[in-house]
Amino acid sequence: MTRLFGTNGIRGVVNQDMNSTLALEMGQAWGTYLKKTIPRPKCAIGTDARLSNQMLKSAITAGFLSTGCDVIDVGLVPTPTLQYTVKEKQFDAGIIITASHNPPQFNGIKGTADDGTELTKNVEEAIEQIYFSKLFALSDWNDVGSYSTWDGAIELYIKGVLSRVDVTSIKKQQSHVVLDCGNGAGSLVAPLLLKKLGCVVTELNCEPDGTFPGRHSEPVPENLTLLMKKVSETHASFGVGLDGDADRAIFVDENGSYIWGDKSLSLVGKYITQKTKGGITVTPVTTSTCFEDVVRQNKGSVVYTKVGSPIVAGVMKKNHAVFGGEENGGLIFPKFQFCRDSAMALATLLEILATEKRPLSELIAEIPSYEMLKTKIACPNEKKERIVNQLVEEMKNHQEITDIDRTDGLKLYMKDGWVLMRPSGTEPIFRVYVEAKEKHQAERVALFYKNLVESLMQRA
Amino acid sequence: MCSVMKQPISKLIFRAYDIRGLYNKDISPEIFYKIGLAAGTYVKHTMQGKQISVGGDIRQSSQSLAHAFIAGVTATGVHIHHTGTTSFGQTLFTGGKLKADLIAFVTASHLPPEWNGIKFYYGDGVGFPEENLMAIRDLVLRDSFELTSWDHIGQVTPVDAKKGYKEFFTSQFKFKKKLTVALDCGGASMTLSAPEIFTSVGLHMIPVYCDPDPSFSKRPSDPKPKNLTTLVSAMKDNACDFGVAFDGDGDRAVIVDNTGQILSADQTGIVIGRYGLKKNKGTIIVNVECSKSVKEQLEPLGYQIKQIQVGHTFLTLEAKQTKALLGIESSGHLIIPEYFLFDDALVVPLKIAQILDNIKRPLHDLVMESPSYPTRKEELECADDIKFDVIERLKQDLSKEFEQVNTMDGVRIDFKEGWVLIRASNTSPIIRLTAEADTTAILQDLSTRFMKKTQEMIQQKKTAL
């Protein structure tokens, strides 16, 4: 079956593949799905700051209403705010119009279940099936859903975050934070939250603007140069950059150095497992070994998953994990909610600094360091499966390989590193991740597998 | 609940003054999305405009349809001011204040609750003419829309339509007397504005069906006399100065006098014309269906009576052009342009209250000053494909035969003691005959004569086919 939902919802270019007809019918398909088990579903809808939000929101709202679902519009909010609202206010579903970190011409639709977690693959497929069948359970004129607005989501969410960190200690340290919201939905929450935590805030791009005039919304180093500069210039305690829908946070230390997501994930993982004296943590196979190192030091364990935050959140829930997240700045705090949450990440980092009373750079320096190399290898889609199987055959008796993991693609563990080859779902390539202690080791491994795949392809 | 497969859009939903149909049968969110695309395309290209104000009446299907319409409009790059669920007047007033290029209101007016639709007005309150509505129809039927790029998508601004509207009325109306008014909103859209405004301008209100009831379960949304029994009995119990009943969206008001007599729009118009206007010179507009007593009563006071064709679009347009003081549609739409050009029904009872506040006489006395003539309405079946031909031929023949013949809308023949109007229905395979005369005997004679003439013409055309 053709898939609409990708790893993080449905995405596309506005008025091309992401248009109102799709949104309207998606609302009808999803509404039809909800009506199968719930007589009168209540759905919360929110959007990020993109220019096409209201168009798509109106279209999908019309779809939900027409199938007899009530729609409660919470307005422009970060994704985790909507998710928290769904959980706390006991809605039956959450809809967020966002394309996360994608360029401004994109937009998308993301869904949550009644607990605020992202939809599972099974549910997505059930909705897709209804979508493609076009057999929508449309309500009669007297049973069409009602539409209302609610503007309490942000207040509810900030209250929720504040109740889960040590506000008194955080306030005492009076951190100076440079905050870069990238003109995204985080602008509505992060400045307010930081002020409530007693921080002095230097704001960058904290006006919601769907053209993203300040920077691209993906918080990668090249997009956070201004933030890094501002942190060192102003001698701030640290800096933080959010993505478009504010589910991910990337930090910059007090010297203005970019902190990779693996490191911040590990820092928070270390802090939490210390407090919980171990416990299960969850992260995708792409995450650096440094995370496992710090968790194990605290007698905790790591469960690895396929890539995708909904999968991580699902495994966390099943395993009663104490913490989890991704290497892209998406941290999940199960005591708060089972989804990536930048505000909770930010508040927790402040709590760590208040507890440790040392600069962020020092804390990061204590996290073990590995060299990670990301590259890609060309391979036609139809050959991918065969190539992976051949690789397994080729390598399983290789003396260098200590373990083979098939959680997502193929991950080969070596004595002091690993290589991961994941077939891309959209392009004729393998995404290759290599981690080693030294850079030259990583480069050697990458080249080795590139050559190996190429020779396997020639043989095939 | 039903599953609907895609079906072609019926061109019949596009009527002369609005779009209407049965929800989930003739109209749906998909179709309203296309109507939104067409309206946006029209505003952008034909009007060189930028924004549309949108609201919806209280019907349960209105918000679904309004949201689909908004999705279509914004996809063309035209902006939206969204008033939400309101009475007709609230959205029209707010759209006017915001200088909307077009105002769209989702409603099926007085039709039963399983119906819905949409009607358009310009920002100045003039109704959207038929030919322009047909231009939108053609865009819909031809799927001829222009989607804009991501960076020009229309933005939606939610606006409050209640506050400014209420303030307008509290600034315009103040009463010295404590008037008691029975208010029948029929559970429809006027529940959202009228009770609050009546109270805030100082009227003592006896509420009848003033709680929102989107399925109109208590009384049908058409305020015709047989649906107003509860109102009339509530008035008798409470000794009211007058009563008022509104239709589903609030563009028609029916006034009941202190004796419980239900007034026609013409009677209400005459009272307002005689006692309620600030100037005693100027134009009063009536349509070809209005009673001859309007002219008989108001012309001697110094007003100029202008007769126009049927339809609130013509009423509003003509009122604007002639700077009219009052406009009367016999179907119940009244406009008092000192407030609005559009046919907001709320101004009618407030104007009546103002008159009673200034005059020490009960409303029934004022009504009885003017004679009421007997009228007769008949419907003759006539196929859609020949009905307009029949009217055309009648126009030609009757113009030769009679002296005073008006052909602006159907054909109206005036005599000293009465008149006859023969019109083709815009929406049904019907020719309507309306007659009014000084006495029942003359009425019988007139209507029978012209019924016969019409029947003969229909027969002729049928045979010619």
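**Exercise 1. Strand β4 of chain A and its neighbours**

How many bridges join strand β2 (residues 42–47) of chain A to β4(A), and in which sense do these strands run?

Solution.
- Step 1. Count the bridges: β2(A) and β4(A) are joined by 5 of them, and they run parallel. Strands pair here if DSSP finds at least two bridges between them. Strands (E, at least two residues) and helices (H or I, at least four residues) are DSSP runs, numbered from the N terminus.
- Step 2. Find a facing pair. A:I45 is opposite A:I95 of β4(A).
- Step 3. Turn to strand β5 (residues 106–112) of chain A. Its link to β4(A) has 4 bridges and is antiparallel. Here the bridge partner of A:I95 is A:G111.

A note before going on. This is a predicted model: local features need pLDDT of at least 70, side-chain atom pairs count only at pLDDT 80 or more, and totals for chains, interfaces and linings use all residues. Residues are numbered from 1 along each chain as its sequence is written, chains are lettered from A and ligands numbered from 1 in the order in which they are written, and side-chain values use heavy atoms, with hydrogens and water left out.

**Exercise 2. The two faces of β4(A)**

Which residues of β4(A) point one way, and which the other way?

Solution.
- Step 1. Recall the rule. Side chains in a regular strand alternate between the two faces of the sheet.
- Step 2. Sort the residues. A:A93, A:I95 and A:I97 point one way; A:G94 and A:I96 point the other way.
- Step 3. Check burial. Buried means under 20% relative accessible area, exposed over 50%, and partly exposed in between (1.4 Å probe, protein chains only). In β4(A) (residues 93–97), 5 of the 5 residues are buried, so the strand is largely enclosed by the rest of the structure.

**Exercise 3. Helix α3 of chain A**

How many residues of helix α3 (residues 79–88) of chain A are buried, and what covers them?

Solution.
- Step 1. Count. The helix is mostly covered, with 8 of its 10 residues buried.
- Step 2. Name them: A:T79, A:P80, A:T81, A:L82, A:Q83, A:Y84, A:T85 and A:V86.
- Step 3. Look for the cover. It includes β2, β3 (70–76), β4, β5, α5 (153–162) and α12 (342–356) of chain A. Contact means heavy atoms within 4.5 Å.
- Step 4. Step past the helix end. Just after α3(A), A:Q90 has a positive phi of about 55°.

**Exercise 4. Helix α9 and a sheet of chain A**

What span should helix α9 (residues 261–276) of chain A have?

Solution.
- Step 1. Compute the expected span: 1.5 Å times one less than the number of residues. For the 16 residues of α9(A) this gives 22 Å, and the end C-alpha atoms are 22 Å apart, which agrees.
- Step 2. Check burial. In α9(A), 13 of the 16 residues are buried, so the helix is largely enclosed by the rest of the structure.
- Step 3. Trace the sheet. Its 4 strands have the order β12-β11-β13-β14 (chain A); it is open, with mixed pairing. At the edges stand β12 (300–305) and β14 (331–332) of chain A, each with a single partner strand, so one side of each has no neighbour in the sheet.
- Step 4. Look inside. Strands β11 (residues 279–284) and β13 (residues 323–325) of chain A are parallel over 2 bridges. A:V282 stands opposite A:G324 in β13(A).
- Step 5. Place the helix. α9(A) lies across β11, β13 and β14 of chain A, at about 170° to β13(A). Axes are lines fitted to C-alpha atoms, for helices over the stretch in contact; angles run from 0 to 180 degrees between N-to-C directions.

**Exercise 5. B:T180 in its sheet**

Is B:T180 buried or exposed?

Solution.
- Step 1. Locate B:T180: strand β7 of chain B.
- Step 2. Read its accessibility. The value is 12%, so B:T180 counts as buried.
- Step 3. Find its polar contact (a pair of N or O atoms within 3.5 Å; within protein, one must be able to donate a hydrogen and the other to accept it, and residues adjacent in sequence count only if both atoms are side-chain atoms). The side chains of B:T180 and B:H204 make one at 3.2 Å.
- Step 4. View the sheet. An open sheet of 4 strands runs β8-β7-β9-β10 (chain B), with mixed pairing. Strand β7 (residues 180–184) is joined to strand β9 (residues 242–246) of chain B by 4 bridges, in parallel. There, B:L183 stands opposite B:V244.
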